[in-house]
Number of protein chains: 2
Amino acid sequence: MLNKSALVYDDLMQKIDQEVYELGTYLPSENQLCQLYGISRETGRKALGLLAENGYIQKIRGKGSLVIEHRQYEFPVSGIVSYKELAQKMHVTTENLVYSFESPVALPVQAFASLGGEVKPVPVTAIKRVRIIDGEPDIIDKDYILTSVVPDIPKRAAADSLYAYFEGELGLDIAYATKEITMEPANSEDREQLGLDKGAYMAVVRSVTSLADATAFQYTESRHRADKFRFRDFARRTK
Amino acid sequence: MLNKSALVYDDLMQKIDQEVYELGTYLPSENQLCQLYGISRETGRKALGLLAENGYIQKIRGKGSLVIEHRQYEFPVSGIVSYKELAQKMHVTTENLVYSFESPVALPVQAFASLGGEVKPVPVTAIKRVRIIDGEPDIIDKDYILTSVVPDIPKRAAADSLYAYFEGELGLDIAYATKEITMEPANSEDREQLGLDKGAYMAVVRSVTSLADATAFQYTESRHRADKFRFRDFARRTK
DNA sequence: AATATAAACTTGTTTAGACAAGTTGTCAAT
DNA sequence: ATTGACAACTTGTCTAAACAAGTTTATATT
């Protein structure tokens with residue numbers, strides 16, 4: 001059972017997606033939302049604030065909440081969304097080929113190093129996967145998960161969805177991630193796994209994922225074929 | 001004069017940056033903030049919510065607001081930040097070379113086309129600039145600004161900062177932007193302006209910027225040398 | 001007809017209070 | 001020494017109310 005503002009957010013978001021509220025029109029006013037959902041104004045405003053933040057609406061003082069053009073669901077970088085979740089929303093067929101699985105193994109992972117100290121080897125589960133999208137291998141994912149947080153990862157979880165295992169089965173509360181995108185020449189592993197020529201480029205997304213108690217527990221290096229990579233973002237100007 | 005919650009946000013943010021509140025420690029509790037700033041709890045919570053959203057803190061129920069590692073200021077993609085603003089925060093020397101300026105000119109810009117209709121030529125100001133960072137030309141920016149919104153752009157504004165001109169002098173209220181990052185081979189214009197070899201790759205950021213009344217008025221194509229490009233992002237998991 | 005005014009809407013900000021729920025330390029009973 | 005209950009903290013959610021400020025419409029005045 002979610003809270004009221006989240007329920008209102010979901011409902012409005014769905015109705016925008018289904019064009020019950022069409023692009024270029026206004027949502028019901030805040031007072032109308034109070035009556036429609038039986039909530040207080042601040043609760044409705046919390047839902048509207050989330051919609052604005054995520055690019056569904058633009059609030060205009062004195063007028064209302066205007067439905068604006070919204071980015072379609074895009075590929076695997078925007079926000080924290082698991083592969084499986086994305087594939088479902090995008091209606092593409094994806095396969096997941098685990099070609100390396102080591103557990104436990106001690107590796108010096110920069111992301112898990114304490115501040116200022118040197119990078120010591122820590123026990124992790126190391127997983128390497130190739131993502132096959134519509135029959136074509138496009139992405140290599142290398143995951144390093146702290147053994148101290150997740151002692152054991154069944155191989156079926158790696159082949160299916162790590163996030164579903166962490167959240168659904170272990171009850172971990174995944175809160176946030178920092179990501180960095182760079183462009184780098186393909187290495188021999190890239191070329192081998194994805195069948196690329198020499199001189200090919202890769203979009204590399206490195207990310208550190210943390211739980212609600214702020215412990216960083218997962219480091220991921222996601223290497224995308226440059227010609228297939230696309231990242232979309234919605235940003236608001238802060239003053 | 002900003003509102004109270006924004007003032008509290010700014011103050012806390014600065015104190016985190018200056019390590020008055022250190023990484024790994026907790027901010028004053030919400031009730032303490034009420035007393036410290038003479039505000040109500042909800043006002044303080046609004047400031048804390050913004051800090052959490054922007055990756056400064058992690059709120060932990062029952063414990064407090066933990067200061068977490070925050071991305072340093074990064075390259076010109078995250079959020080809507082003007083070049084000049086970024087250069088100042090990053091302490092790098094930047095130059096701005098305007099090598100093409102056409103106004104007004106009728107161009108068919110996809111971003112300004114009405115929904116579903118064909119792409120008709122519209123009057124815009126077209127500006128092409130090379131960004132020179134620490135003495136090296138790294139980025140080409142191509143801007144197309146709707147003449148119907150901004151009738152006239154002085155050349156000094158293009159050489160200095162378009163944002164400063166739009167916001168400071170014209171009083172435009174810039175609200176949000178959608179961005180798309182792709183990787184593409186360098187074209188002849190890229191190679192010529194930036195002095196690149198054949199086979200070089202570019203990170204291309206295409207963005208559409210809109211005002212507070214939701215009118216899209218600026219389309220920008222920003223082409224970065226691949227080896228200099230870096231994009232950092234902070235994302236929260238939504239449930 | 002044109003203009004100014006006022007009323008009725010809209011969103012933006014802030015307050016004070018209540019209750020729920022997670023965390024921590026104290027203190028008493030075992 | 002261990003356990004259990006409780007109190008005192010923390011954040012999370014929600015409400016009702018007030019006032020400010022921008023937009024629109026209707027009305028009265030000129």
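In this predicted model, R45(B) reaches the backbone of DNA strand D: an N or O atom of the R45(B) side chain sits 2.9 Å from a phosphate oxygen of the strand. E30(B) also goes for a phosphate, though here a backbone N or O atom does the job, at 3.0 Å from a phosphate oxygen of DNA strand D. R41(B) picks a base instead, with a side-chain N or O atom 2.7 Å from a base nitrogen of DNA strand D. R41(B) also turns up among the closest residues to this strand, a group completed by K4(A), T43(A), E42(B) and K59(B).

Taken as a whole, the surroundings of DNA strand D come to 24 residues. Sorted by class, they split into twelve charged, ten polar and two nonpolar. On the DNA side, sugar or phosphate accounts for 72% of the strand D atoms within 4 Å of the protein, with bases making up the rest. Both protein chains chip in here. Chain A brings α1 (4-17) and α3 (41-53), while chain B brings α2 (30-37), α3 (41-53) and β1 (57-60), and each of these elements supplies at least two residues of the surface near DNA strand D.

Turning to the other strand, DNA strand C has 25 residues around it, and the closest are R41(A), K59(A), K4(B), T43(B) and R61(B). The class breakdown of this surface reads 13 charged, ten polar and two nonpolar. Of the strand C atoms within 4 Å of the protein, 69% are sugar or phosphate atoms and the remainder belong to bases.

Individual contacts to DNA strand C cover phosphate, sugar or linking oxygen, and base. The side chain of S29(A) places an N or O atom 2.8 Å from a phosphate oxygen of the strand. G62 shows up from both chains, using backbone atoms. A polar backbone atom of G62(A) is 3.5 Å from a sugar or linking oxygen of DNA strand C, whereas a backbone N or O atom of G62(B) is 3.4 Å from a base nitrogen of that strand. As for secondary structure, the elements giving two or more residues to the surface near DNA strand C are α2 (30-37), α3 and β1 from chain A, plus α1 (4-17) and α3 from chain B. The top contributor is α3(B), which gives four residues.

The two protein chains also meet each other, with 45 residues of chain A and 44 residues of chain B taking part in the contact. About 3900 Å² is buried between chain A and chain B, and carbon and sulfur atoms give 53% of that area. Polar links are there as well: twelve residue pairs are in polar contact between the chains, counting pairs with both residues at pLDDT 80 or more. The salt-bridge count between chain A and chain B is four. One of them joins E167(B) to R237(A), with the closest N and O atoms 2.7 Å apart.

On the chain A side of this contact, the elements contributing two or more residues are β1 (57-60), α6 (162-169), β6 (174-185), β7 (201-211) and β9 (230-236). β6(A) has the largest share, ten residues. By class, the side of chain A that touches chain B holds 25 nonpolar, 15 charged and five polar residues. β6(A) is also where the chains join by strand pairing: β6(A) runs antiparallel to strand β9 (residues 230-236) of chain B over seven bridges. To pin down the register, A177(A) stands opposite A235(B) in β9(B).

A few backbone oddities are worth flagging for anyone setting up torsions. In chain A, a cis peptide bond joins S103(A) and P104(A), with omega at about -10°, and P104(A) lies in strand β3 (residues 94-107). Chain B has a cis peptide bond between S103(B) and P104(B), where omega is about -10°; P104(B) belongs to strand β3 (residues 94-107) of chain B. Positive phi values also crop up outside glycine. D134(A) has phi near 50° and sits in the loop between β4 (122-133) and β5 (136-146) of chain A. For A214(B), phi is near 75°, and this residue is placed in the loop between β7 (201-211) and β8 (216-225) of chain B.

Key: Residues numbered from 1 in each chain as written. Chains lettered and ligands numbered in written order. Predicted model: local features only at pLDDT ≥ 70, side-chain atom pairs only at ≥ 80, totals over all residues. Heavy atoms only, no water. Near = heavy atom within 4 Å. Polar contact = N/O pair within 3.5 Å; in protein donor to acceptor, adjacent residues only side chain to side chain. Nonpolar A, V, L, I, M, F, W, Y, C, P; charged D, E, K, R; others polar. Contact = heavy atoms within 4.5 Å. Buried area = accessible area lost by both parts, 1.4 Å probe. Salt bridge = Lys/Arg side-chain N within 4 Å of Asp/Glu carboxyl O. Pairing = 2+ DSSP bridges.
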